[in-house]
Amino acid sequence: MSKQETETGNEFETQKQELIAALKACGAVRYGDFTLASGKKSKYYIDIKKASTDPRTLKIIARQAALRIKEMDVDTVAGVELGGVPLATAVSLETELPLLIVRKSVKDYGTKSRFVGDLKPENRLVMLEDVTTSGGSVKDAIEVVRETGATVKYVITVVDREEGAEEKLKEADVELVPLVSASDLLK
């Protein structure tokens, strides 16, 4: 391992600890009985929407995602409504890359588009996700983006619950890049 790779690895670990502390401090980690978007039951809930409304925590997320994006060949930052939008917006501001918002469905008014922002077939996107469990919702958004001819090779998630998203996205030729995993967060 080169000195630069070691320094980057150390920086990622330091940042991970900073993010874990921020997520806990803003109240994004809760314990109880919850039903997740995937339908699974869980004894804990990670409320990244709480984190994305806290300026300090959102800034930490944006900086950490931007650092990882430097190593990717992408030209657009995308987020799926609702949870991915504030994250992608903050990362777009941090990286100065254009923002694309992917709607969950077509609106029957206005432009009637699933996308807010410019999307061209030659675009190479990184998608921002708040929490990944099975990876189903972000995979659906990736398929819609790919139908336009654009490329999605990376999904940055704030927290990976480690319940199959990485494998599901790998099947779609997409790399999941978690800022934090649930096992790190729940220690």
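Biologist: Which strands and helices each supply at least two residues of the lining of the largest pocket?

Modeller: In this predicted model, strand 2 (41-46), helix 2 (48-52), strand 6 and helix 5 each supply at least two residues of that lining. Strand 6 gives the most, with four residues.

Biologist: And how many residues line the largest pocket, and which lie nearest its centre?

Modeller: The lining is made up of 25 residues, and those nearest the centre of the pocket are Ala37, Glu129, Asp130, Val131 and Ser137. The space in the largest pocket comes to about 500 Å³.

Biologist: What does the UniProt "binding site" annotation that takes in Arg103 cover?

Modeller: According to the UniProt record, which is an unreviewed entry, that feature covers Arg103, Lys104, Lys107, Glu129, Asp130, Val131, Thr132, Thr133, Ser134, Gly135, Gly136 and Ser137. Of these residues, Lys104 is included in the lining of the largest pocket, together with Glu129, Asp130, Val131, Thr132, Thr133, Ser134, Gly135, Gly136 and Ser137.

Biologist: Take two of those, then: is Thr132 buried or exposed, and what about Ser137?

Modeller: Thr132 lies in strand 6 (residues 124-132) and is buried, because its relative accessible area of 1% falls under the 20% limit. Ser137 has its place in helix 5 (residues 136-146) and is partly exposed, with a relative accessible area of 46%.

Biologist: What does the side chain of Thr132 make a polar contact with?

Modeller: The side chain of Thr132 is joined to that of Asp160 by a polar contact of 3.1 Å. Leaving out residues up to four places away in sequence, Thr132 also touches Thr157, Val159, Arg161, Glu162, Ala165 and Leu176, besides Asp160 itself.

Biologist: Arg161 turns up there; where does UniProt place a "binding site" feature that includes Arg161?

Modeller: The unreviewed UniProt entry places that feature at Thr133 and Arg161. They are spread over 29 residues of sequence and yet cluster in space, the largest C-alpha distance being 5.2 Å. Both Thr133 and Arg161 are taken in by the lining of the largest pocket.

Biologist: Which loops hold Thr133 and Arg161?

Modeller: Thr133 is in the loop between strand 6 and helix 5, whereas Arg161 is in the loop between strand 7 and helix 6 (165-171). Thr133 counts as buried at 10% relative accessibility, and Arg161 counts as buried at 5%. Beyond four places in sequence, Thr133 touches Leu36, Ser38, Lys40, Arg161, Glu163, Gly164 and Ala165, while the contacts of Arg161 include Leu36, Ser42, Tyr44 and Ala182.

Biologist: Switching to backbone oddities, what is the phi of Glu162?

Modeller: Glu162 has a positive phi of about 60°, although it is not a glycine. Glu162 lies in the loop between strand 7 and helix 6 and counts as partly exposed at 44% relative accessibility. Glu96 has a positive phi too, near 65°, and sits in the loop between helix 4 and strand 4 (99-102), where it is exposed, with a relative accessible area of 73%.

Biologist: Why point those out?

Modeller: Because most residues other than glycine have a negative phi, and most peptide bonds are trans. On the second point, the peptide bond from Glu81 to Leu82 is cis, with omega near -5°, and Leu82 lies in the loop between strand 3 (76-80) and helix 4 (84-95).

Biologist: Now the interior: which residues touch the most other members of the largest nonpolar core?

Modeller: Leu23, Ile48, Ile69 and Ile156 do, out of the 37 residues in that core. Helix 3 (residues 55-69) gives the most to this core, with six residues. A second, separate core has 21 residues, among them Leu119, Val152, Leu169 and Val174.

Biologist: What is Ile156 in contact with, and what about Val155?

Modeller: Leaving aside neighbours within four places in sequence, Ile156 is in contact with Ala65, Arg68, Ile69, Met72, Val126, Met127, Leu128, Glu129, Val177 and Leu179. On the same basis, the contacts of Val155 include Val138, Ile142, Leu169, Val174 and Leu176. Val155 lies in strand 7 (residues 151-160) and counts as buried, at 0% relative accessibility.

Conventions:
Residues are numbered from 1 along each chain as its sequence is written. This is a predicted model: local features need pLDDT of at least 70, side-chain atom pairs count only at pLDDT 80 or more; totals for chains, interfaces and linings use all residues. Side-chain values use heavy atoms; hydrogens and water are left out. A nonpolar core is a set of buried Ala, Val, Leu, Ile, Met, Phe, Trp, Tyr and Cys residues joined through side-chain atoms within 4.5 Å. Buried means under 20% relative accessible area, exposed over 50%, partly exposed in between (1.4 Å probe, protein chains only). Contact means heavy atoms within 4.5 Å. UniProt positions are given in the numbering used here, feature names are shortened, and annotations may be inferred rather than shown by experiment. On a 1 Å grid over the protein atoms alone, a cavity is a set of points where a 1.4 Å probe fits but cannot get out, and a pocket is an open set with protein on both sides within 12 Å along at least five of seven lines; lining residues have an atom within 4 Å of a point. A polar contact is a pair of N or O atoms within 3.5 Å; within protein, one must be able to donate a hydrogen and the other to accept it, and residues adjacent in sequence count only if both atoms are side-chain atoms. Grid points are joined across faces, edges and corners, and a volume is the space filled by probe spheres set on the points.
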